[in-house]
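The exercises below concern a protein–DNA model. Please inspect the sequence and the coordinates before working through the solutions.

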Number of protein chains: 2
Amino acid sequence: MPKPEQTVRTLFRFFNEVGIINQLSSRLFETRLPDGFLVSHFTVLNHLTRLGDGRTPMDIATALQVPKTSLTHTLSGLSKAGLIIQEPNPKDARSKCVMLTDAGRQFRADAIAALGPDMMDVAEHFPPERIAEALPLLEEIRAFLDKRRDV
Amino acid sequence: MPKPEQTVRTLFRFFNEVGIINQLSSRLFETRLPDGFLVSHFTVLNHLTRLGDGRTPMDIATALQVPKTSLTHTLSGLSKAGLIIQEPNPKDARSKCVMLTDAGRQFRADAIAALGPDMMDVAEHFPPERIAEALPLLEEIRAFLDKRRDV
DNA sequence: CCTCATTTGTTCGATGTCGTACTATTTAGT
DNA sequence: ACTAAATAGTACGACATCGAACAAATGAGG
């Protein structure tokens, strides 16, 4: 059992690395996206494609862990670009249903294709198995922080 | 050797988890800092404490992987709060030396103390050894993305 | 039904981030 | 030395993020 200070140091380093990796990867992502689009746009399209569209903005904000006011802004950008359509929610008049357009699906596919070479470059230096090994820990920490968030 | 699409999927998940963890941990950090201070402020103070002060803004920006214009803004906040002092750089008149003040060191110590309970809470659910196991991979990926950045 | 609290999404304002353009200084090449 | 290219930091502007306050709608409790 390590000493508490050592433990805290390890955790600080962990979050520090996570922060820098996020910074660098987001920047890389954005250089590959068409001008005017950010990682946040891609993330929403990706989420809707993977888990199905027709979700409410609030659902999406919760899943992606971003404040709803930030998501409003992101969705408005996606709407203006014709990548999604926001329909009224028949179940709840306060709410909306976010639907992907064909252009939205295509945008996501193109983005993934555009990032492919970078991803393969990473994969050449880091065996996917090694990345995959780290995923469970990351997911658990994510879930833990998520649950802890409201406290 | 996994199929390329599977590889890409794994990497996307990895970066996705990293992004959300960063989001959640940054938010948590900031709720523990005094009002008006951000993770970026803490990160600079922490960096200077760990690796020694007297560095130039450019050194710091490179180490933390943030654009120099962002760092200018962060340093100005730290200066206004009296947590650092920017002295002229005797080796290079274009540049400066960023020095920690006692208040700056104290601020960092207080911040770490304020975050201690959260860190210990994480540590209770995730053995530090498990976190430590993941660190080398994170550091390597960080270094890889860093080197690849200019490309 | 009829409040009242809760929830959804937006607007607004403040502020952080970062790219571009600029000045001052240093360094390299001749 | 002298000029040209590179580099440090900043000013500025565009824009993303996010908290607070708000309106509309829902749901819970009487």
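Into how many nonpolar, polar and charged residues does the surface near DNA strand D divide?

**Conventions.** The model is predicted: local features need pLDDT of at least 70, side-chain atom pairs count only at pLDDT 80 or more, and totals for chains, interfaces and linings use all residues. Residues are numbered from 1 along each chain as its sequence is written, chains are lettered from A and ligands numbered from 1 in the order in which they are written, and side-chain values use heavy atoms, with hydrogens and water left out.

**Exercise 1. Answer the opening question and characterise the surface near DNA strand D.**

Step 1. A residue is near a strand if one of its heavy atoms lies within 4 Å of it. By this criterion 21 residues lie around DNA strand D, and B:Pro57, B:Met58, B:Arg94, B:Ser95 and B:Lys96 come nearest. Of the strand D atoms that come within 4 Å of the protein, 69% belong to sugar and phosphate.

Step 2. Ala, Val, Leu, Ile, Met, Phe, Trp, Tyr, Cys and Pro count as nonpolar, Asp, Glu, Lys and Arg as charged, and the others, Gly among them, as polar. The division is therefore 5 nonpolar, 10 polar and 6 charged residues.

Step 3. Helices (H or I, at least four residues) and strands (E, at least two) are DSSP runs numbered from the N terminus. At least two residues of this surface come from each of α4 of chain A and α1 (4–32), α3 (57–64) and α4 of chain B. The greatest contribution, 4 residues, is that of α4(A).

Step 4. Polar contacts are pairs of N or O atoms within 3.5 Å; within protein, one must be able to donate a hydrogen and the other to accept it, and residues adjacent in sequence count only if both atoms are side-chain atoms. A phosphate oxygen of DNA strand D lies 2.7 Å from a backbone N or O atom of B:Met58. A polar side-chain atom of B:Ser95 is 2.8 Å from a phosphate oxygen of the strand, and for an N or O atom in the side chain of B:Thr72 the distance is 3.3 Å.

**Exercise 2. Carry out the corresponding analysis for DNA strand C.**

Step 1. DNA strand C is surrounded by 21 residues, the closest being A:Pro57, A:Met58, A:Arg94, A:Ser95 and A:Lys96. Sugar and phosphate make up 66% of the strand C atoms that come within 4 Å of the protein.

Step 2. The helices that each supply at least two residues here are α1 (4–32), α3 (57–64) and α4 (68–80) of chain A, together with α4 (68–80) of chain B. With 4 residues, α4(B) gives the most.

Step 3. A side-chain N or O atom of A:Arg27 is 3.3 Å from a phosphate oxygen of DNA strand C. A base oxygen of DNA strand C is approached by B:Arg94, a polar side-chain atom of which lies 3.3 Å away.

**Exercise 3. Determine how chains A and B are related.**

Step 1. Superposition is by least squares on the C-alpha atoms of residues with pLDDT of at least 70 in both copies. Chain A is brought onto chain B by a rotation of 180° with 0.1 Å of shift along its axis (RMSD 0.1 Å). This is the relation of a two-fold axis.

Step 2. Contact means heavy atoms within 4.5 Å. Under that rule, 61 residues of chain A are in contact with 61 residues of chain B. Because 100% of the interface residues of chain A are also interface residues in chain B, the copies meet through the same surface.

**Exercise 4. Describe the interface between chains A and B.**

Step 1. Buried area is the accessible area (1.4 Å probe) that two parts lose on being put together, summed over both. Chains A and B bury about 6,100 Å² between them, with 76% of it on carbon and sulfur atoms. A:Phe12, A:Ile21 and A:Leu24 supply 11% of the area that chain A buries against chain B, more than any other three residues.

Step 2. A salt bridge places a side-chain nitrogen of Lys or Arg within 4 Å of a carboxyl oxygen of Asp or Glu. There are 6 salt bridges between chain A and chain B. Among them, A:Glu17 pairs with B:Arg142 (3.1 Å, N to O).

Step 3. The side of chain A that touches chain B draws its largest share, 23 residues, from α1(A). Its residues comprise 36 nonpolar, 10 polar and 15 charged.

Step 4. B:Arg130 and A:Glu140 also form a salt bridge, with the closest N and O atoms 3.0 Å apart. B:Arg130 lies in helix α6 (residues 128–148) of chain B and A:Glu140 in helix α6 of chain A, so this pair joins two chains.
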